[in-house]
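Please look first at the sequence and the model shown here, and then read on for a guided walk through some of their local features.

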2 protein chains.
Amino acid sequence: MPLQSIEVAPSAYTYPLLVKQLLHSARATADGQEIVYRDRSRLTYRQFFERIGRLANALRAQGIGQGDTVAFMDWDSHRYLEAFFAVPMMGAVLQTVNVRLSPEQILYTLNHAKADIVVVNVEFIPILAIIREQLETVKKFVLISDDGSTMSSFKVPYAGEYEALLAAAAPEYDFPEFDENTRATTFYTTGTTGLPKGVYFSHRQLVLHTMAVTAALGSAAGQGRLHRQDVYMPITPMFHVHAWGLPYVATMLGLKQVYPGRYAPDTLLQLIRTEGVTFSHCVPTILHMLLSSKASENVDLSRCKMIIGGAAFPKGLAAAALARGIDVFTGYGMSESCPILTIAHVRDELPDADAQAAERIRTGYSIPLVDLRTVDMQMLDVPRDGHSSGEIIVRAPWLTQGYLHNPAASEELWAGSYLHTGDIGVLDPRGMLTVTDRLKDVIKTGGEWVSSLELESIISQHPAVNEVAVVGVKDDKWGERPLAMIVLHQGRTATPEEIRAHVQKLADEGHISKFAIPDQVRFVDSLAHTSVGKLDKKAMRRQLAN
Amino acid sequence: MPLQSIEVAPSAYTYPLLVKQLLHSARATADGQEIVYRDRSRLTYRQFFERIGRLANALRAQGIGQGDTVAFMDWDSHRYLEAFFAVPMMGAVLQTVNVRLSPEQILYTLNHAKADIVVVNVEFIPILAIIREQLETVKKFVLISDDGSTMSSFKVPYAGEYEALLAAAAPEYDFPEFDENTRATTFYTTGTTGLPKGVYFSHRQLVLHTMAVTAALGSAAGQGRLHRQDVYMPITPMFHVHAWGLPYVATMLGLKQVYPGRYAPDTLLQLIRTEGVTFSHCVPTILHMLLSSKASENVDLSRCKMIIGGAAFPKGLAAAALARGIDVFTGYGMSESCPILTIAHVRDELPDADAQAAERIRTGYSIPLVDLRTVDMQMLDVPRDGHSSGEIIVRAPWLTQGYLHNPAASEELWAGSYLHTGDIGVLDPRGMLTVTDRLKDVIKTGGEWVSSLELESIISQHPAVNEVAVVGVKDDKWGERPLAMIVLHQGRTATPEEIRAHVQKLADEGHISKFAIPDQVRFVDSLAHTSVGKLDKKAMRRQLAN
């Protein structure tokens, strides 16, 4: 028989998954709850709902309608939260502009996304002043400033100031119904080279990410769980993957929310203290900045739960945060994945603080609806044994369905109908994922994957070695073979044979595959680094290829 | 501009919301977790996943494929849970048969749903023996019995015994991908009169209900929250709205689950004790049965959280349960709503046990994505002031989109594009809903709705009144007017004027609308009751109309 589609009565409401639907429960139950912006403003949800309507009317008055793109350039604020809802709810697309990119990159992204209007904090006017003449599609600017002033030494003609436009607009707006696969948001992700690539998310995807993250965070037995009495503050930018989607979660649940503006450790700590913030998320660098801030000594952080992501989470930093009473744990994802795929909730009894730190810096358990695999080069699953590594590939209802206007990169991302994260990871029998490397830094030799990071770590334990980089070089028989480049400590010597013997010994002990013993060991005076101080393997490979 | 649909790369996985997707997180992390059936069997999730595959293969061997309908007749069991997944995952429809209906009604539902095969517990063979000759579409029977025996004094030729068929089938089954709007389940709801009506739910609807219920139960601050260390046992039948959807929630989260078979207080209490059950749900009658069971005195119930629904939750019963340490709270919904719409989590500080009981018997707060309104006869919202009552109408992503093969009833259900619950309720400013009456028992007079239940409660406070029923009678001027039928206490007398004066006094004090004062008061010897002891207002209205 054919499949049976459900019968739909002509009058039945078929309920598209639209961003506006996230507001039903908050509208019903959280009217009086607060949304705080620094020490500048304090709204109730009731006012927030009105301001969503006002923003939509204000944008409509500027000619914005369905299918148009609204670019936003602001620090984390209640205004940004208003845009998270109002712009997609109109049927328009919200482009969250990464204000840390170079003016040239910002220009590229605004033109590539075909932005129609830019809503811009007065602090970023200098950027627009530089690129304004080259903007191809932007017709108008709306200015934002905390004090309502719109003074700037650079002149950009603007249509109005955000607060003034909202004040002049009506609070009622009849947000339309439309297809749930309509694009809601767009932003750009930058690799080390090449043009920024646009990712995009539909209404359906934002709603499903919100539901799954809420289910995952809520169902934790104790550690790291989110609930209705939490006070939420983002410490990852709202322009970066919707601040990991947590503002949508917090709003759906009707939580008290705090938006800190530009990140300054003192302000953040002050808001944690005065507003009673209990749930946040940030990259390890920011966590380190908070902990080492003088001001943090006077702030009780023991009620804070923080998801840490965006980069490897050093164990020492996790231990330091735990010692301060902060409930830190890893969340994993990327721009392409909306972003959350896994969360490292502690599920087992652990013997001590060291084990706690070790568990929390792992990558985490898949959240509901995520189909996550670790696979070999033929996309076959590697064992979930805690040892075997493979590329992490995923399916979930909220993954970007491609890169904007970039079919070739989209197909590469989705090769074999799974999204390729480009990360190498290990799954253990509990389902806990640990990311071990980037695929591009892995050496594929004799059907095995050797982690260059692991091999570097082993070689660096040799007493003569100051710094080491391992890259793969083409090999007719094995595919690739590892090549080690070593800077020795001053006054120390070593031979390639000694280095190889050192690796051999650790391979014999089972610490690394025998395929890892490098064929070539070269001693060099210095290694290439990127501008942020990381080993520049791309440059090394280029150099070796010449 | 037109709306912008997201670009989808040709290789991108578009992720339909299918029942099978609920298993990803459990497969990844709960392999060793347990599913217990009474004292009879104890499976790991790993075995459970295999048995899902085996069941699908066993059904395929019986000729079942996409679009076919598999009717299930069993008590709550691991087998039923297997069917919850395997049957829809094959692309077939699971019909959960209400085994408490009369044989004639069961016959009607099997024929109406066009069931192809019946999987039936040997206990229900006597029913099938009666109706077998009149089954129009059923081609085969599979028998279930706890001990593998298939003896019955009634002879129904069967294709095999459940465990034997599973043992003979392979555990691998390549569950296909298909449209998320494919029908997954069907069951029948019965009113006091008329034929049973079929409701039905798609894969998408079951997934979204599961996500929203998990989000709602997980995000509770403390009281009534569900988490990964809970042990789940249903005490509402799996044939009734998928045991309120909780087996899907429990499986997605990888919880330990306990299935109790036929409900017997001793067995239920024993399982709570030995298996450490912490989360369940039942109707008030069952809760009462558990509390008054002799066996309950020796069981610690203080770790149990229980959602109570399906009928009004008496305050005295709630207080008794709270006194035993059971965390009881109301859940609201109906067959048509999959079912959960609201949950009465306690969100406020409450002064005492009495206030706790009063709050927990209210109807509850809308769960995420539910758009719930209380409206007047023109479908305009009544104030959310804690006093104004209106019909409860809803939109949510998981409401039946009609009644099976019954377009007229479907349109009535969805009049004006909202699902009409037929319940009357009051919303207070906190968003807490309280159901006050059934729409059909409300008297619509002079543009106001007078609750017959409330009016009966007031009249019953008159010292001469033993029992009272109020119904609406047609009135040319007012639409309807209340008519009271009263049975007096033996040896007591009263006049219609005295009764009217009694109501008038309470109306003057503001307890009820002045429209409620009954025009007609009739003294009768007895009132019509239904077979379960409720006032039979339908019979009374019929009698008055003659």
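The paragraphs below go from helices to single residues and then to peptide bonds.

This is a predicted model, in which local features need pLDDT of at least 70 and side-chain atom pairs count only at pLDDT 80 or more, while totals for chains, interfaces and linings use all residues. Residues are numbered from 1 along each chain as its sequence is written, chains are lettered from A and ligands numbered from 1 in the order in which they are written, and side-chain values use heavy atoms, with hydrogens and water left out.

Begin with helix α3 of chain A, residues 78–90, where helices (H or I, at least four residues) and strands (E, at least two) are DSSP runs numbered from the N terminus. Its 13 residues should span 18 Å at 1.5 Å a residue, and the end C-alpha atoms are indeed 18 Å apart; the expected span is 1.5 Å times one less than the number of residues. Because 13 of the 13 residues of α3(A) are buried, this helix is largely enclosed by the rest of the structure; buried means under 20% relative accessible area, exposed over 50%, and partly exposed in between, with a 1.4 Å probe and protein chains only. At the N-terminal end of α3(A), A:Ser77 acts as a cap, with a side-chain oxygen 3.2 Å from the backbone nitrogen of A:Arg79, and after the helix comes A:Gly91, whose phi is positive, near 95 degrees.

In chain A, A:Asp423 lies in strand β19, residues 419–427, and is buried, with a relative accessible area of 8%. Leaving aside neighbours within four places in sequence, its contacts (heavy atoms within 4.5 Å) include A:Tyr332, A:Glu391 and A:Arg438. A:Ala295, found in the loop between α11 (284–292) and β13 (305–308) of chain A, counts as partly exposed at 25% relative accessibility. With neighbours within four places again set aside, A:Ala295 is in contact with A:Asp266 and A:Leu269.

Some backbone angles also deserve attention. A:Leu369 has a positive phi, near 75 degrees, in a residue other than glycine; this leucine lies in the loop between β16 (365–366) and β17 (371–375) of chain A and is buried, with a relative accessible area of 1%. In chain B, B:His242 lies in helix α8, residues 241–244, and has a positive phi near 50 degrees.

Finally, the peptide bond from A:Cys338 to A:Pro339 is cis, with omega near 0 degrees, and a cis peptide bond likewise joins B:Cys338 and B:Pro339, with omega about 0 degrees.

Definitions and conventions:
Polar contact = N/O pair within 3.5 Å; in protein donor to acceptor, adjacent residues only side chain to side chain.
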